[in-house]
Amino acid sequence: MSLPEIYPPPPPAGKEEEERERIEIGLLLEGLFRLYGYDFRNYAYPSMRRRIWHRIHAERLQTVSGLQERMLHDRACMERLVSDLVIHVTEMYRDPSLFAALRQRVIPMLKKQPLIRIWHAGCSTGEEVYSTAILLYEEGLYDRVRIYATDVNEEVLNTAERAAYPLKKMQHYTKNYMLAGGKDAFSRYYSASGDAAVFHPFLREKIVFAQHNLVTDRSFNEFHLIFCRNVMIYFDSVLQNQVHGLIYESLSPEGILVLGQKESITFTKHAAGYETLDAQEKIYRKAVT
């Protein structure tokens, strides 16, 4: 899910104006964290600035400080702002070659586990979660798996729990599924209802959807496989290291981490704690210490 329209922020008039705006944005994000618990203080500044100005225009305001005042006194405004700041772009079997690699390289490892725990961190509207569920079902593992799917945004979690997606996307998702090594007709996993494709209830039986903030919340279990794809590209290096610490702590010995195409563990404090299983697909295994 992406913003319907992003208005470009006005260019700062000069160095002093640019510094003033940075202070205003810093105060807005600090207020958002201290009052509501959403921590965007270490997100990449250019992305935050662009999205904050989108919300300023949408609220028919003129300044960052004006948005801060409204956000602090109007919870509905805060929720609209958070929805803008959290980036949700996903699809079923996104990067099909990754899911093909999981089927070939990771599934055999998971088959050794009597009970498999998987975490989709930053699951957005759930397409990736159901992609994994289908893969595990086809590999005969779904009866002994528990998938935890979390996101900071309650609205997208509600969408994920409904498991209903635009029917017009199914042709593209079917192509992705086949490229990912799908073993059946993709249409067997959903039913058409109006203009929506509703995925069958049995796929939701092993999934727990819950609100979780990667920035402020702690580890809540030990996992054999963690997906954290295209989440940390919006974080600065400080926050990336912090979240990588949470993920490392949450992985079981020899647990598998899957990152997005533009992400890496290379420059993190935990790089030495992993071995690379597939550099191209960004699949890593926690080393045994």
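Select Gln 104 first; in this predicted model the residue sits in helix α5, which covers residues 96-110. Show its surface: Gln 104 has a relative accessibility of 62%, which places it above the 50% cut-off and makes it exposed. Now add Pro 201 and draw a distance between the two C-alpha atoms. The pair is 97 residues apart along the chain, and the separation reads 27 Å.

**Glu 127**

Next, select Glu 127, in helix α6 (residues 127-138). Is this residue buried or exposed? Glu 127 is buried, because its relative accessibility is 4%, against a limit of under 20%. To see what is around it, leave out the neighbours within four places in sequence and display the remaining contacts of Glu 127: Thr 90, Glu 91, Met 92, Tyr 165 and Tyr 173. Then add Ala 163 and take the C-alpha to C-alpha distance from Glu 127. It comes to 8.2 Å, for two residues 36 apart in sequence.

**Helix α2**

Move to residues 45-58, which form helix α2. Put a distance between its end C-alpha atoms. The value is 20 Å, which agrees with the 20 Å expected of 14 residues at 1.5 Å a residue.

Colour the buried residues of α2. They are Ser 47, Met 48, Arg 49, Arg 51, Ile 52, Trp 53, His 54, Arg 55 and Ile 56. Which helices do these buried residues pack against? Select α1 (15-36), α3 (64-73) and α4 (75-85) to show the partners.

**Arg 60**

Step past the end of α2 to Arg 60, which follows that helix and belongs to the loop between α2 and α3. Check its backbone torsions: phi of Arg 60 is positive, near 60°, in a residue that is not glycine. With a relative accessible area of 76%, Arg 60 is exposed.

**Lys 282**

Go on to Lys 282, in the loop that joins β9 (274-278) to β10 (283-286). Here too the torsion to read is phi, which for Lys 282 is positive and near 60°, again in a residue other than glycine. What is the relative accessibility of Lys 282? The value is 14%, so Lys 282 counts as buried.

**The whole chain**

Clear the selections and show the full chain as a cartoon. It holds nine helices and ten strands. Its radius of gyration is 20 Å and the globule rule for 289 residues gives 19 Å, so the chain is as compact as a globular protein of that length. Aligned on the principal axes, the C-alpha atoms fill a box of roughly 60 × 55 × 30 Å.

Switch to colouring by burial. Of the 289 residues, 52% count as buried. A contact map is useful at this point: of the contacts between residues at least 6 apart in sequence, 76% link residues at least 24 apart.

Turn on the accessible surface, which comes to about 14000 Å². Carbon and sulfur atoms account for 49% of that area.

Last, select the charged side chains. There are 36 positive and 37 negative ones. Place a marker at the centre of each set; the two centres are 4 Å apart.

How values were computed: Residues are numbered from 1 along each chain as its sequence is written. This is a predicted model: local features need pLDDT of at least 70, side-chain atom pairs count only at pLDDT 80 or more; totals for chains, interfaces and linings use all residues. Side-chain values use heavy atoms; hydrogens and water are left out. Helices (H or I, at least four residues) and strands (E, at least two) are DSSP runs, numbered from the N terminus. The radius of gyration is taken over C-alpha atoms; the globule rule is 2.2 Å times the number of residues to the power 0.38. Buried means under 20% relative accessible area, exposed over 50%, partly exposed in between (1.4 Å probe, protein chains only). Contact means heavy atoms within 4.5 Å. Accessible areas come from the Shrake-Rupley method with a 1.4 Å probe; for residues, only the protein chains shown count as cover. Lys and Arg count as positive and Asp and Glu as negative; His and the chain ends are not counted. The place of a charge is taken as NZ of Lys, CZ of Arg, CG of Asp or CD of Glu. The expected span of a helix is 1.5 Å times one less than its number of residues.
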